[in-house]
Amino acid sequence: MSLVFPRPNTNAVHGKKDKRLMAEVNASPLKHFVTAKKKINGIFEQLGAYIKESASFLEDTYKNDELDPVTTEEQVQEVRGYLAKVAGIGEVLARRHMKVVFFGRTSNGKSSVINAMLCDKVLPSGIGHTTNCFLRVEGTDGNEAFLLTEGSEERKSIKTVNQLAHALHQDEDLDAGSLVCVMWPKAKCALLRDDLVLVDSPGIDVTTELDSWIDKFCLDADVFVLVANSESTLMQTEKSFFHKVNERLSSPNIFILNNRWDASASEPEYMEEVRRQHMERCTNFLVDELGVVDRAQAGDRIFFVSAKEVLQARVQRAQGMPEAGGALAEGFQARMFEFQNFERRFEECISQSAVKTKFEQHTVRAKQISEALRRIMDSVHIAAQEQRVYCLETKEDRQDRLEFIDKQLDLLTMDCKAKIKNITEEVERQVSNAMAEEIRKLHVLVDDFHMDFHPSPVVLKVYKNELHRHIEEGLGKNMSERCSTSITSALQGTQTDMIEGLKPLLPSPVREQVDKLVPRQCFSLSYDLACDKLCSDFQEDISFHFSLGWTMLVNRFLGPKNTRRALMGYNDQVPRTMALTPVSTSMPPFPQSSMTQEELMVSMVTGLASLTSRTSMGVLVVGGVIWKAVGWRLIALSVGLYGLLYVYERVTWTTKAKERAFKRQFVDYASEKLQLIVSYTGSNCSHQVQQELAGVFAQLCQQVDVTRQNLEDEITDMNSKIELLDSLQSKAKLLRNKAGWLDSELNMFTQQYLHHSK
């Protein structure tokens with residue numbers, strides 16, 4: 001709910017308004033109170049709405065989790081407390097009447113005093129009439145008097161005092177703590193025309209419920225009149241009651257009427273002494289015990305009257321009879337003047353000091369509250385402004401940081417790609433060279449393999465499998481000894497360079513944990529040669545072959561490949577007992593230019609073989625030619641040596657010889673196959689290194705991306721906070737200005753009513 005701030009249009013409007021208000025005040029002193037009450041009620045209504053708006057604003061601000069605290073829980077509770085206090089003050093100010101309560105012991109003449117002030121017999125009084133409940137007398141605009149009982153809206157018509165007394169005594173539900181409103185026509189009583197309420201009470205010596213009386217009837221009273229019996233002194237019951245009133249209310253306005261002073265006329269010689277004693281005791285009670293007035297003011301609060309005489313005189317005057325008529329004691333005029341003096345002081349108290357006593361503390365309290373709220377709103381405004389400056393600086397810092405990270409990341413990405421390319425090329429070269437060297441030394445690795453050998457197929461299969469495993473492990477171990485250390489060192493160095501290059505882009509807490517986030521010690525190259533698959537089509541030939549046999553001679557001159565091709569041409573004429581290993585389909589084709597000469601030689605030998613195999617005549621011709629050329633002895637010697645050599649080779653063709661032949665054939669075959677995958681293995685190892693480095697770089701970039709996302713989120717959060725703080729600043733400034741406006745309204749009220757009352 002927003003407050004509306006009326007602004008004066010011109011000074012002339014203020015002048016006319018002030019003149020009208022002053023005219024009302026001059027017309028009747030009591031109207032000064034009425035006008036002031038309306039004004040202060042309006043101010044407190046605006047203050048209550050302002051505090052409610054401020055409390056809602058502070059509570060919403062305090063509970064806003066998006067902002068750092070710009071207000072405290074103490075401030076929120078403080079403003080809530082102000083709301084309750086202003087609501088309580090507003091309830092007090094909401095009364096439309098000024099209230100005067102009469103207290104005293106039973107039969108001290110409280111009702112008579114009220115009747116005398118009203119100039120009419122409004123309340124039952126005299127012998128046989130004791131007020132048994134609280135009677136509230138106030139004016140009504142109607143012409144008929146009526147009665148309202150507590151808790152009921154039924155209007156009970158009363159025309160005479162006797163009817164009122166009868167109604168009060170007939171109502172059995174009424175007790176000393178009950179309240180009955182006597183609505184008396186304003187036309188019959190001038191005092192009630194200014195909204196003055198007079199409350200009569202039962203005797204304070206007939207109940208112990210004084211605290212409940214005070215809470216129920218006295219907290220909103222403006223003036224208290226203690227009606228004492230001048231024929232006795234102030235009793236402790238009366239003093240105790242007003243002590244309680246003084247504890248609950250701040251500086252209550254108390255008048256003391258020593259009623260039945262007409263009794264002093266029978267003993268005139270003691271009158272002044274008794275008056276002096278009563279005055280001294282009453283003054284000590286008001287000044288020393290209660291502290292509500294000083295001694296200079298006490299004389300205007302203590303009076304010696306005879307309410308019964310005043311009432312009788314005023315009723316007679318109203319009937320057109322002389323005031324002094326009837327049986328009146330000596331000194332009536334002095335007592336009449338004393339009562340009139342009381343009434344004059346009473347009205348002066350209402351017109352001059354009631355506004356001050358009723359509204360000054362509330363006005364001061366309202367100014368304190370408005371000033372406190374102004375300070376709170378000012379502190380909220382300053383805190384929001386400081387936080388906004390911090391958010392702007394933080395936003396600018398995060399934007400600069402984000403721009404720096406983007407630029408550095410681009411540069412580092414290019415640098416890391418270059419490093420990864422260089423190290424992968426070096427790894428490929430190093431692994432290829434090492435593998436080529438190991439292939440050249442493959443026979444050493446094969447010779448180191450020891451296992452029982454037997455030419456049976458089952459044993460050969462197991463032997464091959466174990467040999468494959470031995471070659472795989474041996475080559476992997478040797479390759480690792482040659483390459484892994486240097487490659488791992490280079491890899492770790494590159495990883496370290498990457499991490500150190502990207503660390504400045506990460507926040508401090510992440511920098512300390514980046515080594516844990518990026519593992520760098522568990523990498524090892526995998527040399528997956530797959531010897532079992534690579535040599536799966538290897539077919540050994542461990543059958544006996546004479547070294548000077550036709551096949552071996554052709555093989556020696558033409559080589560294994562061309563021998564197979566040559567012998568394939570006459571396989572029907574020359575029986576072939578050797579199991580040849582089929583040529584691998586993975587071998588690259590032979591160049592056409594390098595095969596021309598070899599093909600020519602193979603054709604010649606093939607033709608020769610075909611010629612000699614067609615007829616035995618060829619053998620005879622050749623034998624005859626040799627016989628003629630060298631003689632039979634040399635031929636016999638040659639044949640003998642040839643036979644001995646054959647026998648020797650046949651005898652020495654043992655299992656060991658077969659194993660050696662097997663290993664030799666395997667080395668030749670495996671070397672040829674391994675040469676085909678040298679480049680592949682080098683590329684594979686370089687790819688592993690590349691994947692490792694790329695993975696490390698990707699993890700680092702992921703951390704950088706998290707940092708970038710956090711920065712972007714912070715920037716978005718800062719923008720939201722800045723927008724929210726702008727709104728909060730504007731609201732706090734508006735509420736601060738409202739507090740200033742309310743303070744100016746209170747100052748105007750103080751100047752117009754409170755200072756004027758002085």
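## Exercises on strand β7 and helices α6, α7 and α8

In this predicted model, Val223 stands opposite Asn253 in strand β8.

**Exercise 1.** Determine with which strands β7 pairs, in what sense and over how many bridges.

*Solution.* Begin with the residue pair just named, in which Val223 faces Asn253 of β8. Extending from that pair to the whole elements, β7 and strand β8 (residues 253-259) are joined in the parallel sense over 7 bridges. Next, turn to strand β1 (residues 98-103), which runs parallel to β7 and is connected to β7 by 4 bridges. A residue pair to look up here is Phe103, which lies opposite Leu226 in β7.

**Exercise 2.** Decide whether the residues of β7 are buried or exposed, and treat the two faces of the strand separately.

*Solution.* Take the strand as a whole before its sides: β7 (residues 223-229) is mostly covered, with 7 of its 7 residues buried. Then separate the faces, one of which carries Val223, Val225, Val227 and Asn229, while the other carries Phe224, Leu226 and Ala228. Since the residues on either side are all buried, both faces of β7 are covered.

**Exercise 3.** Describe how helix α6 packs against helix α7, giving geometry, handedness and contact residues.

*Solution.* Two packed helices are described by the angle between their axes and the distance between the axes. For α6 (residues 210-218) and α7, the axes come within 10 Å and cross at roughly 50°. An angle of that size makes α6 oblique to α7, and the crossing in which α6 passes α7 is right-handed. In the contact itself, Leu210, Asp211, Ile214, Asp215 and Cys218 of α6 meet Phe241, Lys244, Val245 and Arg248 of α7. Sorted by character, the residues of this contact comprise 5 nonpolar, no polar and 4 charged.

**Exercise 4.** Carry out the corresponding analysis for α7 and α8, and state how the residues of their contact divide by character.

*Solution.* Start again from the axes: those of α7 (residues 236-248) and α8 (residues 268-290) come within 11 Å and cross at roughly 40°. Angles under 35 degrees would count as roughly parallel, and α7 and α8 are therefore oblique to each other. The handedness follows as the next step, with α7 passing α8 in a right-handed crossing. On the α7 side the contact involves Lys239, Phe242, His243 and Asn246, which meet Phe285, Glu289 and Leu290 of α8. The residues of this contact divide into 3 nonpolar, 2 polar and 2 charged.

Key: Residues numbered from 1 in each chain as written. Predicted model: local features only at pLDDT ≥ 70, side-chain atom pairs only at ≥ 80, totals over all residues. Heavy atoms only, no water. Axes fitted to C-alpha atoms, helices over the stretch in contact; angles between N-to-C directions. Parallel < 35°, antiparallel > 145°, perpendicular 65-115°, else oblique. Left-handed = near helix turned anticlockwise from the far one by under 90°. Contact = heavy atoms within 4.5 Å. Nonpolar A, V, L, I, M, F, W, Y, C, P; charged D, E, K, R; others polar. Buried < 20%, exposed > 50% of the residue type's maximum accessible area, 1.4 Å probe, protein only. Pairing = 2+ DSSP bridges.
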